[in-house]
Each structure stands twice: as C-alpha cells, then as structure tokens.
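Thanks for joining; I would like to walk through one model this morning, moving from its cores to its helices and then to a loop. Please have the viewer open as I speak.

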Amino acid sequence: MFFNFMDELRAAGITASLKEHLVLLEALDKEVIQRRPEEFYYLSRATFVKDEGLLDRFDQVFSKVFKGIETSYGMQEEEIPLDWLKAVAEKYLTEEEMAEVKKLGSWDEIMETLKERLAEQEKRHEGGSKWIGTGGTSPYGNSGYNPEGVRIGGEGGQKKAVKVWDKREFQNLDNTKQLGTRNIKVALRRLRRFAREGSADELDINSTINGTAKKGWLDIHMRPERHNAVKLLLFLDVGGSMDPFIKLCEELFSAATSEFKNLEFFYFHNCVYEGVWKDNRRRFSERTNTWDILHKYGHDYKLIFVGDASMSPYEITHPGGSVEHFNEEAGVTWLHRMTNTYPATAWLNPVPEKQWGYSQSVKIVKELMNDRMYPLTLEGLSDAMKELTRKHGS
C-alpha cells in the first residue's frame, strides 16, 4: 500500500528501509493512532526521519504522495458530541451569533441544509452568512468561522483542518542549504560532547544494571556529573571577499558564544599570520601574537577556521604575500603550526562547495587542512563536528 511512499522517500534521499516500513504497518495494525491524516503524518515522520535536516524534504514527499488526502473528510458519518459543539460556540460567538446558528437547528438539519445549498448555488461566493463560500460566518465553506462548520475545500482559516505537511515549518532545515538563524544553534550542538569530570555524584544506571545482573545483588555504580567541557578556538576571516557573508558569520559567532562556555575567538584577514585581533576597530593597534595563542591554549582545544579561503595564492605560499603588511613567514607556515598544535581542526567555508574548484587558493588551503574543509551547510557542519569529536593522535 505504501511502496510508492517509500520509493519517493528514497528518491528524496531519506532512508526508508523494509524494517521501517514494517514498523509503520505494525503501528497502524495496532491502532496506535487514530486514523486521521495528521496523525498518520506524525507517525510516519517519526518512523522515517532520523535527522532534522530531512524534515522539510519529508514534508514535500508527503504532500506529493498524499495530495488530496483530505478530500473525503466529512463524507463519512461522524458522531460529534453536541456538548463539544455548544462549548466551542459559547467560547467564540456572541449571543446574537449563537442565536443565528441555533436557527439552523440540529446537526442533521445543518447537513441537510448544506445539500440544499449545494444544489441551489451556481457561482462562487465570498463572505456572508448563507451561501457556501470563503470567509463569513456561514457554517459551510472555508476560511471563515462557525463552530458547527463543514469545510468545503480551501484552507481552514482557524487552523482546524490545515494540512500540517503543507505548512512546511521546517523549510529552512535542509542539510543541503546554507545555515540560517533558526537552525544554526542546533547544528553547533553537534560539537558538544560531554566529558566526565569531578566527584562521582551521579548514578550510572547502565553500570548499576549490568553489575546487579552479574552479581545477583544490588551493585550501585556512581559516575562524575556531566559537564560541557568542550574547549573551542574560533578564527574568523573578515573583510574583502567575506563581506557578503557578514550576516551568516555574525549568526555563527553568536550561536557559538552561547553554546560553548570555553570559547576564545580571534579575527584574521584572508590567511593567518603572526598576529590576529579581537576588535576590528583596533585591528592594527591591538593585535595578539599568534605564538602567544599557541603557547597559552592547550592542544585539547578544538580549532575552527571560518573563511572563504579566497585570495591570491601568494598570500598563502610566500613571505611578504599579505596584502596588508609584510609577513616575514608565509601563511602556510602558520597554518602548519596551528594544525600541528591542535589536532582537532576544521575549516568552514561559506562559499558553496561546487565553486571551490575554481579557486586555486581554496584548493591550497583545503590541502593544507588535509581535506578538513567543509561547506557552511547543515550537512557540512555536521561532518565538521564529527571530525572534531573523533579521536586524534597526539
């Protein structure tokens, strides 16, 4: 029954295995949900979507496969409690409006009136209180309001029957698109790995269960409380070709400062040399020696560069190549020093990955980073976080 659904999911890049298909069928067989489109949508989404970056694609697939799924709504007889209808009416309608609705009579009479008006009406009608149309207070149609209303096509203005998958609330959560304000924190949280430190004051449930099962008596195990012990060095390229990405970098910087307790940041232009800075207004008068950073912050820090790596190749490969000052040592020398000091290193590039091949400097930096350059998309940032959290040799 749902094989076409699975095929469309797979075509959209969403894993849809036979196991997940059987889980969905079993859930339906055991009636874990009421047989309504919205509930089936949430059940199938929970079954197939394992990554928030795929939510929007799932919505698009669901809308494509099950388009028109609501057209039969209201055609079958449904028992609607009269006290529920009365409660809704009393909440939203004035006494005068209530009197108008009561004139229509019972629910059965309202349905009969609907059939009569369908037969009488020959053209579209908007507003008003009698004819089937959009808006107004007639109990028939859409986008208006009546507590005993029957929706006829269109969108429900009161969100009572809206197709949630068409709302596409997750349209900016797509792991093939650039990061935005809403999801940048979610993506950065993928870096957070908790280190255990301090006194053993938290119950280790898994170890306690295993120990008890092996020994035959209650064997309690404690562990240190979890703390966010991630240490992060963030180097941000500013000026020149990075100007189009100012907003994105500001969002990234803001999210990073709120997510990580142990964060140190510095600015550079094009390539890192012997000096960096914290205040762009004083970039020439108040600089931090790069050597001091390498000596001050231990190798357990994770290092992230954010920049487009777009410059003259000489700015990387030759002494004196900088466009702002005479650098006695080439940028490649400093990049080697930094990546050797901090094994967990990644470069985030806001330029779309498909354009990297057109820039010689991007190719050079990517090679110097041992291919640890990632695009600033959800997928790219996720890959970068995985790289930063894997074990590195000393």
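Which residues touch the most other members of the largest nonpolar core? Before I answer, two notes on the source: this is a predicted model, in which local features need pLDDT of at least 70 and side-chain atom pairs count only at pLDDT 80 or more, whereas totals for chains, interfaces and linings use all residues. Residues are numbered from 1 along each chain as its sequence is written, and side-chain values use heavy atoms, with hydrogens and water left out.

The answer is L233, F235, F305, V306, W347 and L348, within a core of 59 residues. By a nonpolar core I mean a set of buried Ala, Val, Leu, Ile, Met, Phe, Trp, Tyr and Cys residues joined through side-chain atoms within 4.5 Å, where buried is under 20% relative accessible area, exposed is over 50%, and partly exposed lies in between, with a 1.4 Å probe and protein chains only. Taking contact as heavy atoms within 4.5 Å, and not counting residues up to four places away in sequence, F235 touches ten residues I can point to by name: F266, F268, V272, V276, I293, L303, I304, F305, V306 and M338. There is also a second, separate core of 22 residues, and A16, Y41, F58 and V61 are among them.

Let me turn to helix 3, residues 37-48, remembering that helices are DSSP runs of H or I with at least four residues, strands are E runs with at least two, and both are numbered from the N terminus. Among the buried residues of helix 3 are F40, Y41 and S44. S44 counts as buried because its relative accessible area is 0%, and, again leaving out residues up to four places away in sequence, S44 touches F5, L24, F58 and F62.

Two of those partners take us to another pair of helices, since F5 in helix 1 and F58 in helix 4 both belong to the contact between them, which brings N4, F5, E8 and L9 to F58, V61, F62, K64 and V65. Finally, the loop between helix 15 (360-368) and strand 12 (373-375) holds N370, whose phi is near 55°, a positive value in a residue other than glycine. N370 counts as exposed because its relative accessibility is 57%. D371 lies in that loop too, with a positive phi of about 65°.
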